[in-house]
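Grab a pencil and work through these short exercises with the model open beside you. Try each task before you read its solution.

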Amino acid sequence: GARSLSEQLPAVADSHRAVVVIRLRGHTSLGSTFLNVVGRYAEQLQSQDGLLLLSGVEPEVKSRMARTGHLDKIGEENVFVAGHAIGESSREAQAAGEQWLQRTSEAVAT
């Protein structure tokens, strides 16, 4: 599963300031291998001035990420907990990504 995930993620090598949103709604038991893959991917994006956002994260999964240090790699502000309305956290993540792109564009321009 982790290898399949790695192969399905957008390539980072040629990207610059890319924002990737991974929707996790309904996945309540994410293993450490999955979290390691996602953590490495977040670091790869960051090395290219990019950002990884996770949406639809169950509270238990976010707590586990905090305990294992994965939340530090991704950034707590980049993890959006699943809400009652389907798609709510994905819309929040998308809006956060757009705001981040705008802020970083303005910073680059100055």
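## Exercise 1: Placing K62

Task: say where K62 sits, and whether K62 is buried or exposed.

Solution. Start with the helix: K62 belongs to α3, which covers residues 59–68. Helices here are DSSP runs of H or I of at least four residues, strands are runs of E of at least two, and both are numbered from the N terminus.

A quick word on ground rules: this is a predicted model, where local features need pLDDT of at least 70, side-chain atom pairs count only at pLDDT 80 or more, and totals for chains, interfaces and linings use all residues. Residues are numbered from 1 along each chain as its sequence is written, and side-chain values use heavy atoms, leaving out hydrogens and water.

Next, the burial: K62 has a relative accessible area of 17%, so it counts as buried (under 20%; exposed is over 50%, partly exposed in between, with a 1.4 Å probe and protein chains only).

Last, the neighbours: leaving aside residues up to four places away in sequence, K62 touches V57, L71, E76, V79 and V81. Contact means heavy atoms within 4.5 Å.

## Exercise 2: Reading the sheet

Task: work out the strand order and find which strands are at the edges.

Solution. First, the order is β1-β2-β3, an open sheet of three strands with parallel pairing. Two strands pair if DSSP finds at least two bridges between them.

Then the edges: β1 (19–23) and β3 (79–81) each pair on one side only.

Now zoom in on one pair. Strand β2 (residues 51–57) and β3 pair in the parallel sense over two bridges, and V57 stands opposite V81 in β3.

## Exercise 3: Helix α2 and the core

Task: which residues of α2 are buried, and how many residues does α2 supply to the largest nonpolar core?

Solution. Begin with the helix itself: α2 has 16 residues and reaches 22 Å from its first C-alpha to its last, close to the 22 Å expected at 1.5 Å a residue. That expected span is 1.5 Å times one less than the number of residues.

Next, list the buried ones: F34, L35, V37, V38, G39, Y41, A42 and L45.

Finally, the core, meaning a set of buried Ala, Val, Leu, Ile, Met, Phe, Trp, Tyr and Cys residues joined through side-chain atoms within 4.5 Å. Of the 22 residues in the largest one, L52, L54 and M65 touch the most other members. The largest share, seven residues, comes from α2.
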